[in-house]
Every structure is written in C-alpha cells, then in structure tokens.
Amino acid sequence: MRVSYRSQRFHKSVALLLILLIALSLPSVRAESGEQQPVQVGLSIVGNSTAWFTELIDHTERSAENYNMEIITNQLPEGDASWQKASALALLAQGIDYLILFPYALDICDDIYAAARRSGIPLILVCGDSSYRDQCDIMIYVDYRTEGKMCAQVLTSKFGNTKRSILAITGMRGSHIEELRMEGFMEYLEQYPLLEVTALMEGSNNRVKTSNDVSDYLTRSPENIPDAIFSCCDEDGIGALNALKLSGYTPNKDTFIVSTNGTQDALKALIADEYCATVLSCKNLGAILTLVIDRYEHGYRGIDYLAIPYHVYDETSDSWDLNSALYW
C-alpha cells in the first residue's frame, strides 16, 4: 500500500515541530541588545536574485534581529560552485562566528569544512544529501529528491498511467538542489511508462528567459504542446505560465504546470486556477537556522541534524492553507 504524500508530509512536519518545541521550551539565552557585539553569521548562497532566495535571506535577516545576530551574505546574484567556494573561504577568513552554506555543488563542502575546522568556526550545511552529515557541525537536511517525487505524484494522480507528454525544465546546470529534484521526478515516473517526458529544457531561475524559451518551443512545435510542464523551481514555472498565455493556451486546462519552492507568485497562480501545484520548500528556514545557531552559541548541542518538511499545494488545498502560506 502506497503512503500518500500528504501522510508523509504530516509525519515529517510533526517530527520537526516536536524538535523545535523542545528547543523553544528551553530558557531563553538571547543576548540583550547592547550587552555584547552581534554574533556574525556568514551566509553562502548562489542565485540570491530569485524570489525564493530573496525571501529566504530576508526571513533569515529579520529572524537574526531577535538573537543579536548579524547576517553577512555574498552579493553576487549569479555564480557557480567555484565562485561560491572562493566566497565561502573569504567569509571564513573574515573571522565570522558561524557559516551557513547552501552548496551549489556538493564537491565544495569538504574544503570549506576543513577550512572552518582550522578556523574553529561551526559550519551549518543545508543540503539534500545526508551522506555529508560528517562534513559539518549542524546539518539542515532538505529532501529535494522527494520534492521532485511529489511533483510527479501530483501528475500521476491527475492523469494515471495514460499516454501524456511532459516538458521538463531541468534547472540550472550544476545545481545539486535541482539535480536531486529532477532525479526524484524521473524516478517516480518510472512507475508510469505512459507518462513520458518528451522534451527537456535547461532552466535558468529567470522567468523572463524561460518564458522566451518556452514560447520558442511552442512556436516550433505547436502540434506537440505538452499535457504538463514540470519545473525544478517556481521561477521557471512562472516563466512557462507566461509563455502559455502569450501563445494563446489556457493554463491548467490545455497544460498543467507543477514546480517546487512554494513562492507567492506560484501560490497566487494556483489560487487563480492557472497552476496545478507547487511544493513548498524550506518554509521558515531562516527562523530555524537562527534558533539553532542561538542554542549552539550558548552551549546546547542537542540539535545537530534537522530534516525540513515539504508541503504540497494543489487544487485540494483549502483557502486557509493557501492564505497561511501566502502571508505567514
């Protein structure tokens, strides 16, 4: 018997909430403003011009204010793994107190962790591969592969094993987050051979570029309009949505779009019945990160591994659920 993704997400959410409630029940050890210098937390991340990353950084910075922390981020909107490695090592050289690493590629983790160990700086690693648990002091595990599987399950629940075509937007080349999402999506579809990915398109996390790319694809192959579009991130999914409209197709009727991130624009499109589903990723991660660092700063070592739950929003989501995702 297959466990539904709603049951899976419920149990994962409960596990995380129990951990956080235990942590929150501890006596507050926040430093009062003015008593000491802020704890300096480096945040190494690539692609911070997208809505998801912008919201993540904003939430982290606002949450840090509650714990007398200062978030120091890199400033390059676009980059690659080699640039991120150099940037993270530079942050460590500045003498920060903690480093949060969202690795663009996992092969940079070993060198960054080694440098952090030499400097005595705790490394908080946010990634989707638990085998890297020994390459950090605290791991925040995000199950990106399951997020991709959930997108596939939305489509299989809608279409069953009937002959359908899917355009898959793979995400940016080299991004381990989007590689895992794509792997999870394809793995789940193996059970439904008639649901076929008939075209692949490299994403860019840029809705304007993706809109142009999908529009070109639809113009070249108007007879092959896909029954569904899967995108590894909402930015490319919204770009595909714009392309469908510009090309005269009706979203969520002619073609169904599923993607991951759970950004406001994707949720608004879902409410407007123009989107099939989005999988929320890392909701309130900024608050979780700052809470864990605050406890670590004051000697609490009970949390060194956290698994972040996902949440699927689709046509079955009620209005309260959607509005809480939009505004909370």
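# A tour from a buried glutamate

Start by selecting Glu147, which counts as buried because its relative accessibility is 2%, under the 20% cut-off. The model you have open is a predicted one.

**Stop 1: the partner of Glu147**

Keep Glu147 on screen and add Arg181. The two residues form a salt bridge, and their closest N and O atoms are 2.9 Å apart. Glu147 belongs to helix H5 and Arg181 to helix H6, so this pair ties together parts that lie 34 residues apart in sequence. Is Arg181 buried or exposed? Arg181 is buried, with a relative accessible area of 2%.

**Stop 2: a second link between H5 and H6**

Now select Glu187 and Arg145. Their side chains meet in a salt bridge, with an N to O distance of 3.6 Å. Glu187 is in helix H6, residues 176-189, and Arg145 is in helix H5, residues 144-159, so the pair ties together parts 42 residues apart in sequence. Show the surface and check how far each residue is covered. Glu187 counts as partly exposed because its relative accessibility is 32%. Arg145 also counts as partly exposed, at 27%.

**Stop 3: from H5 to a loop**

Stay on helix H5 and select Lys158, then add Glu315. Which atoms should you look at? The closest N and O atoms of this salt bridge are 3.7 Å apart. Lys158 lies in H5, while Glu315 lies in the loop between E12 and helix H11 (319-327), so the pair ties together parts 157 residues apart in sequence. Lys158 is partly exposed, with a relative accessible area of 31%. Glu315, at 62% relative accessibility, counts as exposed.

Next, select Arg145, Lys149, Glu183 and Glu187 together. Salt bridges that share partners join these four residues into one network. How many salt bridges does a search of the whole structure find? The search finds 13.

**Stop 4: a tyrosine in a loop**

Select Tyr310. This residue sits in the loop between strand E11 (305-308) and strand E12 (311-314). Is Tyr310 buried or exposed? Tyr310 counts as buried, because its relative accessibility is 2%. Add Tyr144 and draw a line between the two C-alpha atoms. Tyr310 and Tyr144 are 166 residues apart along the chain, but their C-alpha atoms are separated by 8.9 Å.

**Stop 5: strand E8 and its neighbours**

Select residues 228-231, which make up strand E8. Show the side chains before going on. In a regular strand, side chains alternate between the two faces of the sheet. In E8, Ala228 and Phe230 are on one side, and Ile229 and Ser231 are on the other. Are these four residues buried or exposed? All four are buried, and both faces of the strand are covered.

Add strand E6, residues 164-169. E6 and E8 run parallel and are joined by 4 bridges. To see one pairing in detail, select Ala168, which stands opposite Phe230 in E8.

Then add strand E9, residues 256-261. E8 and E9 also pair in the parallel sense, over 4 bridges. Which residue in E9 is the bridge partner of Ile229? The partner is Ile257. Now trace the chain onward from E8: it passes through helix H8 (residues 234-246) on its way to E9, and this β-α-β crossover is right-handed.

**Stop 6: just before E9**

Select Ser247, in the loop between H8 and E9. At 30% relative accessibility, Ser247 counts as partly exposed. Look at its side chain, which reaches the backbone oxygen of Ala243 at 2.9 Å. Leaving aside neighbours within four places in sequence, Ser247 is in contact with Ser215 and Leu218. Select Ser215 as well: 32 residues separate it from Ser247 along the chain, and the two C-alpha atoms are 6.7 Å apart.

**Last stop: the whole chain**

Clear the selection and show the whole protein as a cartoon. The protein has 11 helices and 12 strands. Of its 328 residues, 54% count as buried. What share of contacts between residues at least 6 apart in sequence join residues at least 24 apart? The share is 74%. Finally, switch to a surface view. The accessible surface comes to about 14600 Å², and carbon and sulfur atoms account for 50% of that surface.

Technical notes
Residues numbered from 1 in each chain as written. Predicted model: local features only at pLDDT ≥ 70, side-chain atom pairs only at ≥ 80, totals over all residues. Heavy atoms only, no water. Buried < 20%, exposed > 50% of the residue type's maximum accessible area, 1.4 Å probe, protein only. Helix = DSSP H or I, 4+ residues; strand = E, 2+ residues; numbered from the N terminus. Pairing = 2+ DSSP bridges. Right-handed = clockwise from strand over helix to strand, strands pointing away. Contact = heavy atoms within 4.5 Å. Polar contact = N/O pair within 3.5 Å; in protein donor to acceptor, adjacent residues only side chain to side chain. Areas by Shrake-Rupley, 256 points an atom, 1.4 Å probe, with all protein chains shown as cover.
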